[in-house]
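Visitor: Please walk me through this model. I would like to start with the terms.

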Amino acid sequence: MKLLDIGLKDLVRSIRSAFFWMFGFGIPLLMVLIFYFAFGGLSSSDEGVSLPTTPVAVVNLDRPVPEFDDVSAGRMLADLLSMDGFDQLLDVTSYDRAKDARQAVDRQEAAVAVIIPPDFTATVFGSSGQTALELYQDPTLTIGPGVVEGIINQFLNAFVGSKIAVDVATEALSARGLAIEPGQLEAIADQYAEWASSTGGDLQPSQTPHLEVRLPAEQAAEGDPLADILGAIMAGMMVFYAFFTGAASSMTILQEAEGGTLSRMFTTPTRRSTILGGKFVTVFLTVIFQVVVLIAVSALIFGIQWGDPVPLAVAATSLVLLAASFGIFITSLLQGTQQTGIVYGGVMTVMGMIGMSQVFMMGAGTPPPAMEILPLVVPQGWAVRALDLVMGGGGLGNLLLPVAVMGGLSVILFFVGVFQFRKRFV
Amino acid sequence: MRIIDLMLKDLIQILRDWKAALFLIVMPIGFTLFFGFLFSGGGESDPRLAVAVVDRDETAVSARLIDFLAGSSVVRPVMTPGSSRDRLERQVAEDELAAVLLIPSGYQERLAAGEAPQLELILAPSEEVGGAAAQAIQTAVSRVTGAMKAARLTADTIETSDRSVETGALVTIFDRAIEAWEEPPVMLEVTQSDPASAVEEEIGASGMTFAHASPGMMVQFSIAGLMGAAEILVLERRSRSLQRLLTTAISRVEIILGHFSAMFIMIFLQLLLLIGFGQAVLGLNYLRAPLATGALVIAISLWTAALGLLIGVMAKTEEQAVIYSMIPMFVLSGLGGAWMPLEVTGETFQRIGYLLPTAWAMDGFRNILVRGLGLPSIVTGLGVMGAYAVTFFLLAVWRFRFES
């Protein structure tokens, strides 16, 4: 009973601390909130993640060719970029000179300049020659210029494909000694252009008949990529700060020892092991409180789907045991509170970052093979892995390995920590 | 002179605690290397997005499609003969693959017959990864189907002359069309400014991976370093040292300027050290525009020091000094684009970001390190940061109390 009294007293003291609220809840939630705003929370669209409009400078230097009925391929491209369908994606400004358009990019007024060459129509519709369409882009940007490049590629596919179709047909007919009749090549070009516009004219690959695009079954069922991103970040943050809470709660043992209050408590009829046990209970209670609040609050505010309750409870309990045991262990190795700065600020921060490194890699491309193993070098990595499995719909069976590792580590770290403290104080 | 004495006292007090080096130098360097390593692909030799290709057709057309993908600058095809479809799909879900492309058997035959067979594409849900992979795959598929369409149209024309075109001949015409795509009549040339090209040539792709992490962590940890400096002010107020100082010949203005100067020098030196690290170890060329870099460092040091003074004024306890330093550090770094380029965020987020000095600091470093620009390109940013410095400083002076 005394053990629980000590535990509850210290828990109340922790809860009264602004520091605990700040680092236990404030910062983890603030970090997720920033990402929430960054990736859709401030978006006007209902789809969550949205792309900002890309300012585009267009210079059409193309000269229409009378023999092609004054049709201008350059004007067609410029019109395509300005069409209503792209107004959410592109904000097009026309310039007369290539130099001005490039300067607009240099001044960061435009993300990319599309410079259509004077011989564009002549090359596209003519029988020979080669030309280049220039895409002058801001080197610090990737998404906006990528969108523009995609649209232009689709446009060129239709025109260049038409021309290639005509060239190939001319060559094949000649090789077979067949005469090219009037209108035959124009018919091929027209049919190709018609086919290209019906199949590849859209920006989104999902809208072309060549590809049946879908998400992996797991994601398709879950449906909300923003919630997935936030969920992964929240899980990482929770693990990161739960370990800090475990360590900071354990630090009260050192603080009380240095302040003399621990010695004073030892003069009371309460057994020393009970006093220390009470301190350990505080560590577990504080981390439980933090984890439960973070799971509940993040689910309410950000709509994070934490997965099925039973596997979640198992993963969260394993996290609490591991974070608290680790805190007791690492604090037991310290001589005094003066060493906590380097250990908590340095060692634990680095371990936490390694443990949640896969969260940082999210959306950055295919992770290198080393990234699969690296997080599991530290205890935090196993906790992140367990929560990730639960959030991905994993059941108890999937959790066996991470929970076994976390459980084993918890037992070892707890007993080593308790042994060290008992050696020092009991 | 008294200002300098007070400044030196503060600096000695800050730097005597070796733990200050942790926040000022060790952590920013560690985080820069960590993020640089993560976003460089961790030493992966081919940084392109991995796309698993399941080729059940195994024909000339499917081979050409895979060749096209192999030539892409965005994706790299990974042949996975032994892997099940479920396993590959799981790998996409777990971000191990950017996409899986399934080429069904009979693909060439149906394409040659003028039909429109579909390829199945299972795509990573991330807009950046999935979107980029889809665009590259779409381009390759368009080229291959376009080449077959050209071959089909040619064959139809030949057949109007009562000549038949066998599948082998059709594939030969298809191959010819594919070859023509290798040197198309209209090319798309992606260019950038001369200074930016010079920077890219100079530091290479590996240097570019640190061009965001290095200034980002520099900006973030310049705020983190305020913790210790603000604590000194809190301690002086609580121990009544500030009041005692007032009994000496030093004026109130000199006391405030002394503390402010200490913070300014501390951050200035921190930034110089981190820039030196970036220049010497990470291969970034901060000294390409020494005037611009110098002006930027001074501007950042000014507004950060003024913020530090304000924190020291507002905080009543050491605990509060830490909290008041950490909150602006996270908010200003996160919203100002120190963690991720503002380009990848939404429009409203970007607008909010550019209300903050951190976004302008990041923009300034990007202009120097990536765009290869100089002092004129950062003038607006210097103005914004200067305005923040003045505002923070005036607020701090207004709220300055010599007793607790």
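Guide: Helices (H or I, at least four residues) and strands (E, at least two) are DSSP runs, numbered from the N terminus. This is a predicted model: local features need pLDDT of at least 70, side-chain atom pairs count only at pLDDT 80 or more, and totals for chains, interfaces and linings use all residues. Residues are numbered from 1 along each chain as its sequence is written, while chains are lettered from A and ligands numbered from 1 in the order in which they are written.

Visitor: In which helix is B:Val61 found?
Guide: The helix belongs to chain B and spans residues 60–70. B:Val61 is found in helix α3.

Visitor: Is B:Val61 buried or exposed?
Guide: A residue is buried if 20 or more other C-beta atoms, placed from the backbone, lie within 10 Å of its own, exposed if 12 or fewer, and partly exposed in between. B:Val61 has 25 C-beta neighbours inside 10 Å, so B:Val61 counts as buried.

Visitor: Which residues is B:Val61 in contact with, leaving aside its neighbours within four places in sequence?
Guide: Contact requires C-beta atoms, placed from the backbone, within 7 Å. With those neighbours left aside, B:Val61 is in contact with B:Tyr107, B:Gln108, B:Leu111, B:Val144, B:Met148 and B:Phe174.

Visitor: Which element gives the largest share of the side of chain B that touches chain A?
Guide: The contact takes 94 residues from chain A and 86 residues from chain B. On the chain B side, 20 residues come from one helix, residues 127–159. That largest share belongs to helix α6 of chain B.

Visitor: What is the strand order in the open sheet of 5 strands?
Guide: Two strands pair if DSSP finds at least two bridges between them. In this sheet the pairing is mixed. The edge strands, each pairing on one side only, are β2 (90–95) of chain A and β5 (186–191) of chain B. The order is β2(A)-β1(A)-β3(A)-β4(A)-β5(B).

Visitor: How many bridges join strand β4 of chain A to β5(B)?
Guide: Strand β4 of chain A covers residues 131–137 and runs parallel to β5(B). One residue, A:Tyr136, stands opposite B:Thr191 in β5(B). The number of bridges is 6.

Visitor: At what angle does helix α4 of chain A run to β3(A)?
Guide: Axes are lines fitted to C-alpha atoms, for helices over the stretch in contact, and angles run from 0 to 180 degrees between N-to-C directions. Helix α4 (residues 98–106) lies across β1, β2, β3 and β4 of chain A. The angle to β3(A) is about 165°.

Visitor: Which residue stands opposite A:Glu212?
Guide: Strand β5 (residues 211–214) of chain A pairs with strand β4 (residues 119–123) of chain B. The sense is parallel, over 4 bridges. Opposite A:Glu212 stands B:Glu120.

Visitor: What distance separates the centres of domain 1 and domain 2 of chain A?
Guide: Domain bounds come from an automatic or database domain assignment. Domain 1 takes 2–41 + 220–425, and domain 2 takes 54–213. Taken over C-alpha atoms, the centres are separated by 55 Å.

Visitor: Where in chain A is confidence lowest?
Guide: pLDDT is the predictor's confidence in each residue, from 0 to 100. Chain A averages 82. Confidence is highest in β3(A), at 94, and lowest, at a mean of 58, in helix α8 (residues 217–222) of chain A.

Key:
Contact = placed C-beta atoms within 7 Å.
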